Amino acid sequence: MTFLSVDAVNAKYDKVHVLHDLSISVRRSETVVILGANGAGKTTLLRSLTGMVPKVTGSIVLDGTELTGRRTEDIVRMGVAHVPQGRGTFAQCTVEENLRLGAYSVKQSKAELRAGMERVYELFPRLGERRGQQAGGMSGGELQMLAIGRALMLRPRLLLLDEPSLGLAPIVIAELFEILGTLRGQETTMLIVEQNADQALRLADKVYLLETGRVVFEGDPETVRSDESIRRVYLGAE
Ligand SMILES: Nc1ncnc2c1ncn2[C@@H]1O[C@H](COP(=O)(O)OP(=O)(O)OP(=O)(O)O)[C@@H](O)[C@H]1O
Ligand SMILES: [Mg+2]
């Protein structure tokens, strides 16, 4: 069954028309990866899903509910968590405070909060070890883990990840994707946008390629890997 259906979406910033009749569909518990070069519209797509782009037409339906025209906080309350490109954690706050702030917009009991935190620490043991440390002093990989942990505090039904590997060393990227792999296929449906395809493809149930705001390919990761011209653009030379 389709969980998220994006149908003929057009998105604009003032006069810049970024997404053109874009359609994607995601099934429940699926991990869908969207690949595209700089400026292809990946961030705009995720921002459109969470009500952060003012001019969006077309239809975005999550589990039977139309999202277009809704406010970001309502969409978050409906179970959509967005880990933005560049992460956006609070540098002055500790790891634990950041996680608490992540849970802020959804009503949770103390016990639920505690359980959510323990779940994040189990998933990212390094965050557990650093729970009292200020986020500002952490490495890029740890900050990305914190940003994901914070999003998970919402107990999302849909997790949107905007270039989680950006700026990280290959070994850290591998570690991060291994952890994301443990989330895969569980109750959280994931939509990941990436420029670095290799690791993301391993997680993908389905892949879309985006070029100048349009879907130019939809298919399984094996097809992406075996297509010579796609490989050249999205997987680099090997
Ligand atoms: N706030 C904005 N106002 C005007 N134009 C914008 C705005 N944000 C993005 N754009 C334009 O929209 C297009 C798509 O940008 P977007 O950030 O969605 O691409 P992207 O695929 O996420 O790229 P990157 O890989 O660099 O993050 C670009 O041409 C960009 O200049
Ligand atoms: Mg982007």
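# Reading salt bridges, domains and cores

Mentor: Let us begin with one pair: a salt bridge joins the side chains of Glu-142 and Arg-126, with N and O 3.2 Å apart. Because Glu-142 belongs to helix H6 (residues 140-152) and Arg-126 to helix H5 (residues 125-129), the pair ties together parts that are 16 residues apart in sequence. Please keep in mind that this is a predicted model.

Trainee: How should I read accessibility here: is Glu-142 buried or exposed?

Mentor: The cut-off for buried is under 20% relative accessible area. Glu-142 has 7% relative accessibility, so the residue counts as buried. Arg-126, at 24%, is partly exposed.

Trainee: Which residues are joined into one network by salt bridges that share partners?

Mentor: Such a network links Glu-96, Arg-100, Arg-114, Glu-118 and Arg-131. We shall return to some of these residues. For the moment, let us stay with Glu-142.

Trainee: Which residues is Glu-142 in contact with, leaving aside its neighbours within four places in sequence?

Mentor: With those neighbours set aside, Glu-142 is in contact with Arg-126, Leu-127 and Arg-130. There is also a backbone partner to find: the backbone nitrogen of Ser-139 is 3.0 Å from a polar atom of the Glu-142 side chain.

Trainee: How many salt bridges does a search of the whole structure find?

Mentor: The search finds 16. One of them joins the side chains of Glu-96 and Arg-114, at 3.1 Å from N to O. Glu-96 is in helix H3 (residues 95-103) and Arg-114 in helix H4 (residues 110-123), so this pair ties together parts 18 residues apart in sequence. With a relative accessible area of 15%, Glu-96 is buried, while Arg-114, at 35% relative accessibility, counts as partly exposed.

Trainee: Where do Arg-114 and Glu-118 lie?

Mentor: Both are in helix H4, four residues apart, which is about one turn of the helix. Their side chains meet in a salt bridge of 3.2 Å, N to O. Glu-118 counts as partly exposed, at 34% relative accessibility.

Trainee: What can I read from Ala-115, which is also placed in helix H4?

Mentor: Ala-115 has a relative accessible area of 41% and is partly exposed. Now compare sequence with space: Ala-115 and Met-153 are 38 residues apart along the chain, and their C-alpha atoms are separated by 9.4 Å.

Trainee: Let us turn to the larger divisions. Into which domains is the chain divided?

Mentor: The division gives domain 1 (2-79 + 156-234) and domain 2 (91-155). Notice that domain 1 is written as two stretches of sequence. The centres of domain 1 and domain 2, taken over C-alpha atoms, are 23 Å apart.

Trainee: How many residues of domain 1 and domain 2 are in contact with each other?

Mentor: Contacts join 17 residues of domain 1 to 15 residues of domain 2. About 1300 Å² is buried between the two domains, and carbon and sulfur atoms give 72% of that area.

Trainee: How many salt bridges does the rule find across this interface, and which elements give two or more residues to the domain 1 side?

Mentor: The rule finds one salt bridge between domain 1 and domain 2. On the side of domain 1 that touches domain 2, the elements that give two or more residues are helix H2 (72-77), strand S7 (158-162) and H7. Helix H7 supplies the largest share of that side, with seven residues. You may also locate the salt bridge between Glu-175 and Arg-126, whose closest N and O atoms are 2.7 Å apart.

Trainee: Finally, how do I read the nonpolar interior? Which residues have the most contacts inside the largest nonpolar core?

Mentor: They are Phe-124, Leu-127 and Leu-159, in a core of 49 residues. Helix H7 (residues 170-183) gives the most to this core, namely seven residues. Domain 1 (2-79 + 156-234) and domain 2 (91-155) each provide at least three residues of this core.

Trainee: Which residues are in contact with Phe-124, leaving aside its neighbours within four places in sequence?

Mentor: They are Met-145, Ile-148, Gly-149, Leu-152 and Ile-179. A second core, separate and with 29 residues, includes Leu-19, Leu-22, Leu-62 and Met-78.

Technical notes
Residues are numbered from 1 along each chain as its sequence is written. Chains are lettered from A and ligands numbered from 1 in the order in which they are written. This is a predicted model: local features need pLDDT of at least 70, side-chain atom pairs count only at pLDDT 80 or more; totals for chains, interfaces and linings use all residues. Side-chain values use heavy atoms; hydrogens and water are left out. A nonpolar core is a set of buried Ala, Val, Leu, Ile, Met, Phe, Trp, Tyr and Cys residues joined through side-chain atoms within 4.5 Å. Buried means under 20% relative accessible area, exposed over 50%, partly exposed in between (1.4 Å probe, protein chains only). Domain bounds come from an automatic or database domain assignment. Contact means heavy atoms within 4.5 Å. Buried area is the accessible area (1.4 Å probe) that two parts lose on being put together, summed over both. A salt bridge is a side-chain nitrogen of Lys or Arg within 4 Å of a carboxyl oxygen of Asp or Glu. A polar contact is a pair of N or O atoms within 3.5 Å; within protein, one must be able to donate a hydrogen and the other to accept it, and residues adjacent in sequence count only if both atoms are side-chain atoms.
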